[in-house]
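I opened my notebook today to look up how the inside of this protein is put together. Here is what I went through, in the order I checked it.

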Amino acid sequence: MNILLVASAFNSLTQRVYAELSDLGHRVDVVLASQGDDQVRAAAHELRPELVVAPMLRTALPEDVWREHTCLIVHPGPPGDRGPSSLDWAVAERAAQWGVTVLQAEAAMDAGAVWAAEPFPVTPVGKSDLYRGEVSDAAVTAVRTAVRRYAEGAYKPRPQTDASISVVWRDVFRQERRRIDWERDDTETVLRKLRGADSQPGVRDELLGREVFLHGGHPEDLLRGRPGDLLARRAGGVCRATRDGAVWIPELRPRKNSGDPAPFRRPAASVLAAWEPGLRLPESDAPLELPPERRTWTDIRYRQRGDVGFLAFSFPGGAMSTDQCRRLLAAYRFALSRPTRVLVLGGARGFFSNGIHLNVVEAAPDPAEESWTNLLAMDDLVEAVLRTTDRLVVAALAGNAAAGGVMLALAADEVWCRTGAVLNPHYRRMGLYGSEFWTYSLPRRVGPERARRLTTEALPVSAASAERTGLVDRLVAAAPGDFAPEVERLAAGLAAAPGLDLRIADKAAARAADERERPLAAHREAELARMHAIFFDPGAPYHALRSAFVRKTPSGSPRPLSAPAGDAR
C-alpha cells in the first residue's frame, strides 16, 4: 500500500514505524505536521495515499484530510483513554499496565473507532525511556495489526460506544502537578516527578535564584543535606538534597525568557557554572566498579562476570560530549587492563549513542572549535575499539543509535541489537560528511554501494533490516527490561566457545592486513579534513541545521521522506 505518515516530528517512534512498514513492502512517505496544515494537505493531494497513519501528533489533522482519507491515530493510552498527556498520567499514577490504541481520526479528540490496541507494562524508568521501549514495542505491534486489518478489508473497527470500553478524559498534565516540594516530598516522590518529565517538558523549579527545568532523576544513597540544597557534582550532573535523601539531576534547561543564550537542555553542572562562575560544588566520584549494594548514579560503569567484561554507559539523549567521550575512553582502557576474553559495550536499555553532543556544541563560546574537539574525542574512542586485537568486543544496542554512535558500534567485532532498535547510519541530515572511521567500518560490513546508499539516502533502518544487510550480527528478541540479562547469557556463551582463541588470532591478523592495505590513520585524516572544512566554514549548512535541531526551530530540512516499496534498508 501507499501509506503517508503524518507526524509532528520525525521522532524515534515515527522512524521505527516508517522503517518497519517499509520492511513489509509498503511505500511510505512522511510529512511533518509542524510545517503546517497546508503542507499536510499538499502531501495528501500529491501522494494520494491509500492510508494515513499518525504515529506522533501534537495537533489535529486537517478535517478535509481525515474526511477524504482513512487516518489512523496512534494514541499512547488504552482504549477509552482520551487527552493529550496520557503517558504522563500513567507514570504519575504508578499504573502497573497501560496500552497503545490505534484509532480512526474524527472531529472529537481520541474518540474514533479502535482499529487495534496493545497493552504494555509500565516499567519504573524515565518517561522518554518508557516511550522508546515498551510504548514503542506496543505501538508498532498495534500499527502493524491495524494496517493489516485495513488492507484485508474485512475488519470492522470497534466504536468507542462499545460497552466494553470505558471512556476516561485526562486533562493536560500541567507543571503545577509536577512541582516538587523539597521540604515535604520524599525521595521516591521526587524521583517519580523527575522521571515523568525527564525529556519533555522537564520539571519547572528554581536554582540559584533563576527558573529552570530539571531533566532526569536518579537516587543517591549516601549524600545528605538540607532539602533543596545542591550537594555535589558528578559526570556533569548535580546532586540535590530531598527531605529524606538526595537525587542526581543530569541536565537542566533554562527558561527561554531567562536571558540565558542557550535555553536548551545541557549538563546541569555546566548550566550552573555559566550562571555563577564562582560556584564550587564538591566532586563526588563514583568508582567504575560500583559495589552492588550502592544506589547512586553514574553514567559509566564496569563489571566482570568470569571471562566477560561489561562496560555500560548511558548518556541523556544518547549524545556524547567531549568530556563524556574522554571519560568513556579512559573506562575502555581500564576494561582492557582486565583479564577478559570478551568485552561488551552498551547500556542496559535506552540509546546506545547518537554521536557528538550538539547541545553542548551549540552552547559553546566557539561552536566550530567545540565541534572539532568533540569529534576528535569521539574518533579517539572509536579508534581504540578498532585497534583492540587481544579479545572480542561486542557492541550491545539496547536502543537506537545514529551517526557516530552507529560507527562506534561498527568498530566492535560483533553488533548485537534489540529487535526494537532503529539505526541511522548517516550524517547528511546535519549537513556533515562524517567521521569515526565510517569510510573503513561501514563498507567492510555492507559493501561500498550499500554504504553509499545508507549515507546519502539518510533513512532510518530497522533492526531486522540492519541484520539482513550486515550492519548487525545478532538480533536479540527481548523486551526492553530483559535485554541486559539476555546479552549477559549470550556473552557467557561466546566466551566459552571452543574456537574463541582462533577467532581472536584471526581478528588480529585481519586488522594487520587492513592496516597494510590502508592505515586507519589515513581514513581518519581524510575524514577529518572534510569535517574540518565544514566546521570552520561559517556558511556551511551544518551550523544552521545544528542550531535549528537544538533550539527546535524550523530548519528547512527536506520533505517528504520516502522509500520505494519493498526496499529492505
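Before starting on the strands, I noted the cut-off I need: a residue is buried when its relative accessible area is under 20%. I also reminded myself that this is a predicted model.

Entry one, strand β19. I looked up residues 342–345 and found both faces of the strand covered. Val-342 and Val-344 are buried on one side, and Leu-343 and Leu-345 are buried on the other.

Entry two, its neighbours. Which strands are joined to β19 by four bridges, and do they run parallel or antiparallel? On one hand I found β18 (residues 308–313), parallel to β19 and joined to it by four bridges. Here Gly-309 has Leu-343 as its bridge partner. I also found β20 (residues 392–397), again parallel to β19 with four bridges. There, Val-342 is partnered with Leu-392.

Entry three, the connection. I followed the chain from β18 through helix α9 (residues 322–336) to β19, and the three make a right-handed β-α-β unit.

Entry four, the cores. The largest nonpolar core has 69 residues, and Leu-311, Leu-397 and Tyr-542 are among those with the most contacts inside it. Helix α11 (residues 367–386) gives the largest share of this core, nine residues. Apart from it I found another core, of 37 residues, including Leu-5 and Val-135.

Entry five, one residue up close. Leu-471 is also among those with the most contacts inside the largest core. Leaving out residues up to four places away in sequence, I listed what Leu-471 touches: among them are Leu-410, Pro-425, Leu-442, Arg-445 and Ala-466.

Note on methods. Residues numbered from 1 in each chain as written. Predicted model: local features only at pLDDT ≥ 70, side-chain atom pairs only at ≥ 80, totals over all residues. Heavy atoms only, no water. Core = buried A, V, L, I, M, F, W, Y, C linked by side-chain atoms within 4.5 Å. Buried < 20%, exposed > 50% of the residue type's maximum accessible area, 1.4 Å probe, protein only. Helix = DSSP H or I, 4+ residues; strand = E, 2+ residues; numbered from the N terminus. Contact = heavy atoms within 4.5 Å. Pairing = 2+ DSSP bridges. Right-handed = clockwise from strand over helix to strand, strands pointing away.
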